[in-house]
Amino acid sequence: MNYFDINDINNLSEWIDEAITLKKAPLSQKSLGKDKTICLLFFNNSLRTRLSTQKAAMNLGMNVMVMNFGAEGWQLEYGDGEIMDQGKSEHVIEAAQVVSQYCDIIAIRAFAKFENKKDDYQEQVLSAFIKYASVPILNMESAIGHPLQALTDMITIAEHHKKSKPKVVLSWAPHPKSLPQAVANSFAQYANASDFDFVITHPEGYELDPQFVGKATVTNNQEEAFKDADFIYVKNWSPFADANYGKVINTDSSWKITAKKMALTNNGKFMHCLPVRRNVIVDDAVIDSENSLVIQQANNRTYAAQVAIKKILESINN
Ligand code: CP
């Protein structure tokens, strides 16, 4: 099996419970990955994903190889039938098969390039590795999804919610740079698969792909959305609509998360995947408050990765 997105999870609640169990005894499955190797390929920067995925693999007894492919690998070609007489030195057809010979799982981080929306939303890089590799693929954030982060976030909410159907709000916040929709897409997808009162709030023009919005309530009124919320999950993303795909069209600081807005919630918890720009996305007073879960979220990245790698290893061993 691959862990590409939520469709690879047979039972989300079971995965969450298993991650919480692994968190209590991280080395309990240390023999599962003995003599197995995971290769982590990074086309983009990372702190949490790189270290937590390595730690998860080591907790399962695996060998780990890491390559900063974007900076150190050959530039890859993805197109069919291309005459490769320009800058790209190697085709993914060979690269994926070659890397497959060195390891048992390939984990990949490859963000949206914002050059071509169709390429991004067809997951050009991950799809090509899935097609040509002969070993399972683990998604460490692709063009349109971050399933390890979303699984982490569901684990964190499961650990902290106090009522059966919590109100969970995904809020846009301003950022000076153009960021992918991946984290917001996956969070929405996993929230929709959970028993939440789920609300998305963003300025006009920042509508997400409807396939991820699903049954969520959507509003452009952030303060209305925050009322009685149990969890405020904050993230910037760039527009999905064709006209402004991947551009920055709004940096309105009135969307920043402040203590005054958090006071509208039901003593709500503040969540963000990190890295975060302090006092642009969120005020210090909020991220430093006792209701902030950002450090616990980052810790849970290890156990989300560990349960995903464990499932893949079990599929290899069977
Ligand atoms: N949240 C997250 O994916 O962090 P990194 O980009 O540092 O890996």
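## Packing of α1 against α13

In this predicted model, helices α1 and α13 cross in the right-handed sense. Helix α1 covers residues 12–24 and helix α13 covers residues 294–317, and the two pack at an angle of about 115° with their axes 9 Å apart. Because angles of 65 to 115 degrees count as roughly perpendicular, α1 is described as roughly perpendicular to α13.

On the α1 side the contact is made by W15, E18, A19, L22 and K23, which meet N299, N300, Y303, Q306, V307, A308, K310 and K311 of α13. Sorted by character, the residues of this contact comprise six nonpolar, three polar and four charged.

## The five-stranded sheet

Five strands form an open sheet in the order β9-β8-β7-β10-β11, and their pairing is parallel. The edges are taken by β9 (217–219) and β11 (269–271); each has a single partner strand, so one side of each is left without a neighbour in the sheet. On average, and with direction ignored, neighbouring strands of this sheet are turned by 20° against each other.

At the β9 edge, the pairing with β8 (residues 197–201) is parallel and runs over three bridges. Within this pairing, T201 has T219 in β9 as its bridge partner.

## A helix across the sheet strands

Helix α8, made of residues 182–192, lies across three strands, namely β7 (167–172), β8 and β10 (231–235). With respect to β8, which is also the strand that pairs with β9, helix α8 runs at about 160°.

Methods. Residues numbered from 1 in each chain as written. Predicted model: local features only at pLDDT ≥ 70, side-chain atom pairs only at ≥ 80, totals over all residues. Heavy atoms only, no water. Pairing = 2+ DSSP bridges. Helix = DSSP H or I, 4+ residues; strand = E, 2+ residues; numbered from the N terminus. Axes fitted to C-alpha atoms, helices over the stretch in contact; angles between N-to-C directions. Contact = heavy atoms within 4.5 Å. Parallel < 35°, antiparallel > 145°, perpendicular 65-115°, else oblique. Left-handed = near helix turned anticlockwise from the far one by under 90°. Nonpolar A, V, L, I, M, F, W, Y, C, P; charged D, E, K, R; others polar.
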